[in-house]
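I opened the model to go through its chain contact and a few backbone details. My notes follow in the order in which I looked things up.

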Amino acid sequence: MFAAKKGTTCKWGRMGSFQNQMFVDQFSPKYVLILSGDHIYKMDYGRMLRHHIKNNAGCTIAVLEVPLEEAHRFGIMNCNDEQRIISFEEKPKEPKSSLASMGVYIFNWPLLKKYMQADEEDPASENDFGKNIIPSMLINGEKLYAYPFSGYWKDVGTIRSLWSANMDLLEDPPLLDLYDPTWHIYSRNPVLPPHYIASGAKVEQSLVTEGCEVYGSVYHSVLFAGAVVEEGAQVSDSVIMPGAHIQKGAKVNKAIIDERAIIGRNAVVGDDLNEGVKVDNSLTDDITLVGSDMSIPEFASLPKGMVATRETLGYLYMKGADVRD
Amino acid sequence: MINSAFGIIYTGDNSLRLKDLTYSRSVAAVPFGGRYRCIDFMMSCMVNSGLTNIGVITQKNYHSLMDHLGSGKEWDLHRKRDGLFMLPPFVTRDNVGLYRGTVEALKSVSGYIRRSAQRYAILAGSYTIFNTTFCDMLEQHVQTGADITIMYNEEQHFEPEDQYEDLRLMLDERGRITDMEYNPYRPGSPYKSCDVILMEKTLLEYLVEEASAHGQYQFSQDVLMRNVAKLKIYGYHYTGYVARLNSPNSYFAANMALLDKDVREELFSREHPVYTKVKDEVPARYGPSSVAHNSIVADGCIIDGEIENCVLFRGVYVAQGAKLKNCIAMQGAQIQKNCDLSYVVLDKSVIVKRGRSLSGYKSFPVLLKKGSIV
């Protein structure tokens, strides 16, 4: 089995496609499994492959039942009783079914190669799986099957979904079981000592990992390796990425603090919006985002939904808004 | 960085000084500090010094040690040239695999020593814990023109109960060792060997041959002490933090010392990371009603109860209503609902069932053997 990264909406481009085909051909595989790197779920691809072989399919797409009102955000399959796909619509306005593609595909490699090559020669094509390859396979009557999956699945391609996927782990029991000894989630392991919780600290309903030091309060949050929460600092409903540092008295509420960012003393991240300050929160909703390696000054106030990067923070300074009291 | 030295770590002392903690493992493999084994510190010191050739002499109960060290990958020692060498007893007619002392062990690994291409040898034990590099020590060794250099630290406090392989050094004003005492009843010097000895490889080979030809087998008494006048033996004063795990009390105290910020920062300094076998564990999870104060917690723990002044290793479960105070819980220990524990050391996979209470004392922590169920 061979795996490569490709999203439903990913365009591979002519050269990339050629290189990938060469790469895959080195293994002369019968089947190719195509996955996305930004989805959180646990799935046994072996079972899906058996399903694919049993159906004698050319392509099998893993599908998940989603609420009908959310179906417009996904690639939606319409299937017959044998789970054979009859039609496929990418982000339909009026979905006919609630079976959404998870972005997990198994193809017979020779078949996929043939369609990819044909697709490249079509100048009108966007070279996209969901928009071009799958529809043209359907038109030509190839055997496409759906493989129903049930269980936790989340696309973390947006700020909101990344935040909420982290929060899902804090549910009791967690929505995604990370504790199954037969199903380890492997990762890089930082070389850091176990974390330390100080005498005056409070940690509730949170995940804390190696290298963290907590002297303040942490509620309903996820702390990554080496995060530091100093005395009197308060972190709630937030995701604190590796090496981020929350200094004394700072408050972080409903935020994602990216790697190595420093939140200065008594600063407030996720503050109430003051009148007259406009924040572009089209990507973030009410989640405040602090970019990696940012240093938020002491006593600064970052309003809800703000994306704090070098540019936006500079803008607020220039405006004389209450970045600094 | 030293690339002209190789390291030999002696883990053979199948000491029962640590009682049940070393019932099924060597001291080197005793869990320490939430996610480490004792030997990790010595291994990391050597690797951080730039050594790329490390031999680990094992004798008894080295199963868990081998499992832990593996190929040496975590210490960057899985190499084509040199790397990590596990040196278990090579049982022959002459060697029944039981070493009476370090000299016998070194004699039996003489092949490894001969084939090591480095000029200097660093001999080390496995029950001392510190974090440093040996670069300054080697520099001093060369500068003083010493034959042998022994690392030591100053310890005013003396606890007869904890005495084990206690080598005391008497030094002249230039740092040369004039006399030594082994396990003295009344120590005549506060300078204690840290069990790290540096010398030229050829001298080591000569001394080992010489001692074993005379039927001697103990390194401290037979090699070092006998030659104190003949050889230039110098001390290297290490001023950092040193812990020695030679009794259940000192084991308990050394773990608890990690709750002190200064000790933690020194042992886990960012410049000299301590490497260990990694486990891909889940982050520790704190429940909605958990209370945690002044504790070290490793990944994989689930804490729904209360902990204070504790060191928890990977995957420890503290159920709701359970209270742990001044406790050390090793990997996979399970403390069920409404337990009340104080001054208890729980070895791996110990289960304390619902509502049980156990209490030791600072000078006498209760030791629960691996796998026991209370």
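Where is the place of A:Pro173 in chain A? I found A:Pro173 in the loop between α5 (159-168) and β10 (195-197) of chain A. I noted that this is a predicted model, so every value here is computed from it.

**Entry 1: around A:Pro173**

I looked up the peptide bond between A:Asp172 and A:Pro173 and found it cis, with omega about -5 degrees. For context, I wrote down that most peptide bonds are trans. I then followed the side chain of A:Asp172, which meets that of B:Arg285 in a salt bridge, at 4.0 Å from N to O. The count of salt bridges between chain B and chain A is two.

**Entry 2: the contact between the chains**

I counted 34 residues from chain B and 34 residues from chain A in the contact. The area buried between the two chains is about 2800 Å², and carbon and sulfur atoms give 49% of it. I checked which three residues of chain B supply more of its buried area against chain A than any other three: they are B:Asp280, B:Arg285 and B:Tyr286, with 26%.

I also looked for polar contacts and recorded 22 residue pairs between chain B and chain A, both residues at pLDDT 80 or more. On the side of chain B that touches chain A, the elements that give two or more residues are α9 (261-267), β14 (284-286), β15 (291-293) and β16 (295-297). By class, I listed 17 nonpolar, seven polar and 10 charged residues on that side.

**Entry 3: strands across the contact**

I asked how β12 (residues 206-208) of chain A and β14(B) pair, parallel or antiparallel. They pair in the antiparallel sense, over three bridges. Within this pairing I located A:Ser206, which stands opposite B:Tyr286 in β14(B).

**Entry 4: positive phi values**

I noted beforehand that most residues other than glycine have a negative phi. A:Lys254 has a positive phi, near 45 degrees. I placed A:Lys254 in the loop between β20 (251-253) and β21 (255-257) of chain A. Is A:Lys254 buried or exposed? A:Lys254 counts as buried because its relative accessibility is 18%, and the cut-off for buried is under 20%.

In chain B I found B:Asn183, also with a positive phi near 45 degrees. B:Asn183 lies in the loop between β10 (177-182) and β11 (191-200) of chain B. I entered B:Asn183 as partly exposed because its relative accessible area is 30%, and partly exposed runs between 20% and 50%.

Terms used: Residues are numbered from 1 along each chain as its sequence is written. Chains are lettered from A and ligands numbered from 1 in the order in which they are written. This is a predicted model: local features need pLDDT of at least 70, side-chain atom pairs count only at pLDDT 80 or more; totals for chains, interfaces and linings use all residues. Side-chain values use heavy atoms; hydrogens and water are left out. Contact means heavy atoms within 4.5 Å. Buried area is the accessible area (1.4 Å probe) that two parts lose on being put together, summed over both. A polar contact is a pair of N or O atoms within 3.5 Å; within protein, one must be able to donate a hydrogen and the other to accept it, and residues adjacent in sequence count only if both atoms are side-chain atoms. Helices (H or I, at least four residues) and strands (E, at least two) are DSSP runs, numbered from the N terminus. Ala, Val, Leu, Ile, Met, Phe, Trp, Tyr, Cys and Pro count as nonpolar, Asp, Glu, Lys and Arg as charged, and the others, Gly among them, as polar. Two strands pair if DSSP finds at least two bridges between them. Buried means under 20% relative accessible area, exposed over 50%, partly exposed in between (1.4 Å probe, protein chains only).
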